[in-house]
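User: I would like to learn how to read pockets, cavities and sheets in a model. Could you take me through them step by step?

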Amino acid sequence: MKKTDICCIGHITLDKIVTPRLTVHSPGGTAFYFAHAMSSLHADSFLLVTSLAETEMKAVEDIRNLGIEVDVLPSRHSVYFENCYGENQDNRTQRVLAKADPFTIEGLEGVDARYFHLGSLLADDFSLDIIKALNKKGIVSVDAQGYLREVRGEKVYPVDWADKLEALKYIDILKVNEHEAAVLTGAADPRKGAEILAGWGVKEVVLTLGSMGSVIFADGKSYEIPAYAPADIVDATGCGDTYMAGYLYMRSKGAGYEEAGRFAAAMCTIKLQASGPFRSTVADIQHLIDSGATA
């Protein structure tokens, strides 16, 4: 198999999204939002590796119809999430109505890329051995969210990441929000948490702070990235995944931390203004950056 620039690995989910305005049923998960964002960016060297039940294959066909290469690993079930938002889109309650099979080293054996992004949704999606194996092949990027979620019954409970001190040695880029940084490090200040995570071995800590912007901590320095002001706030689901798609897309093209962060932040704001995945253009992203309309 040829080596791609960026490979995203994660489950495509069934999502029920409940907001004060409406209830929407749609595919979701890091894999779904990341792939759509990469399609809109016309990334010419991108592979999606996902795992879902046969009954949800339409979501895969829709992504393939956008020109995205997708490898599917079979699973008995698809992940089924219910996400409920209040008026403040930074606040979310969640239930898991079904779980998919975890990814395995064997299933990922033939996959090769410069950048791997692991879209973890639940604590057992990716084992420590998978992180170690992918680290030998390329740059490993991980969204911490799934490692901090344990399902008991239908409810999602916050947990600490059991293998974090070992795993973080093999993770080049880690995406966390302020809550995840606090759980992982015990630091009340998320910026201090980012420093601690870097001290544990992560080369680039991507700290997203919702409407307060984001921070990239790398090479012993913090890069403050402002959030761009949305014209309207419609749906925050998939914003973090969209951010990481933009960030890794730019980093893979040689952009610095700040340039990649601003591009990612602009993508995030555009996504926030509509339901569903990112469907805009590079020109629209650049226009928002040039406008300087920060929150």
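## Pockets, a cavity and a sheet

Analyst: Gladly, and let's start with a pocket. The second largest pocket has a volume of about 170 Å³. Keep in mind that this is a predicted model.

User: Which residues are the closest to the centre of the second largest pocket?

Analyst: They are Ala123, Tyr147, Trp161, Ala162 and Asp163, out of 13 residues that line the second largest pocket. By character, that lining consists of nine nonpolar residues, one polar and three charged.

User: How is empty space found in general, and how many cavities of 30 Å³ or more does the whole structure hold?

Analyst: The general idea is to roll a probe the size of a water molecule over the atoms, which shows where empty space is left. Here, the search finds one cavity of 30 Å³ or more. The largest cavity encloses about 60 Å³ of space. Its lining includes Asp5, Ile6, Met38, Phe46 and Tyr249.

User: Which elements give two or more residues to the lining of the largest cavity?

Analyst: Those are strand β1 (4–9) and helix α7 (239–252). The lining of the largest cavity divides into five nonpolar, two polar and three charged residues.

User: Now the sheet, please. What is the order of its strands?

Analyst: First the general idea: strands of a sheet pair through backbone hydrogen bonds, either parallel or antiparallel. In this model, nine strands form an open sheet with mixed pairing, in the order β5-β4-β1-β8-β9-β12-β13-β14-β15. At its edges stand β5 (69–74) and β15 (221–225), each with a single partner strand, so one side of each has no neighbour in the sheet. On average, neighbouring strands of this sheet are turned by 15° against each other, direction ignored.

User: In which sense do β13 and β14 pair, parallel or antiparallel?

Analyst: Antiparallel: β13 (residues 204–208) and β14 (residues 214–218) are joined over five bridges. You can find the register from Glu204, which stands opposite Ala218 in β14.

User: Which strands do helices α5 and α6 meet?

Analyst: Helix α5 (residues 178–185) packs on the sheet and touches β12 (173–177) and β13, its direction making about 110° with that of β12. Helix α6 (residues 190–199) lies across β12, β13, β14 and β15, and runs at about 160° to β13.

User: And how many helices and strands are there in the chain?

Analyst: The chain has nine helices and 15 strands. Its radius of gyration is 17 Å, close to the 19 Å that the globule rule gives for 295 residues, so the chain is as compact as a globular protein of that length. Along its principal axes, the C-alpha trace spans about 45 × 40 × 40 Å.

Methods: Residues numbered from 1 in each chain as written. Predicted model: local features only at pLDDT ≥ 70, side-chain atom pairs only at ≥ 80, totals over all residues. Heavy atoms only, no water. Pairing = 2+ DSSP bridges. Helix = DSSP H or I, 4+ residues; strand = E, 2+ residues; numbered from the N terminus. Axes fitted to C-alpha atoms, helices over the stretch in contact; angles between N-to-C directions. Contact = heavy atoms within 4.5 Å. 1 Å grid on protein atoms, 1.4 Å probe; cavity = no way out; pocket = protein on both sides within 12 Å on 5 of 7 lines; lining within 4 Å. Points joined across faces, edges and corners; volume = space filled by probe spheres on them. Nonpolar A, V, L, I, M, F, W, Y, C, P; charged D, E, K, R; others polar. Rg over C-alpha atoms; globule rule 2.2 N^0.38 Å.
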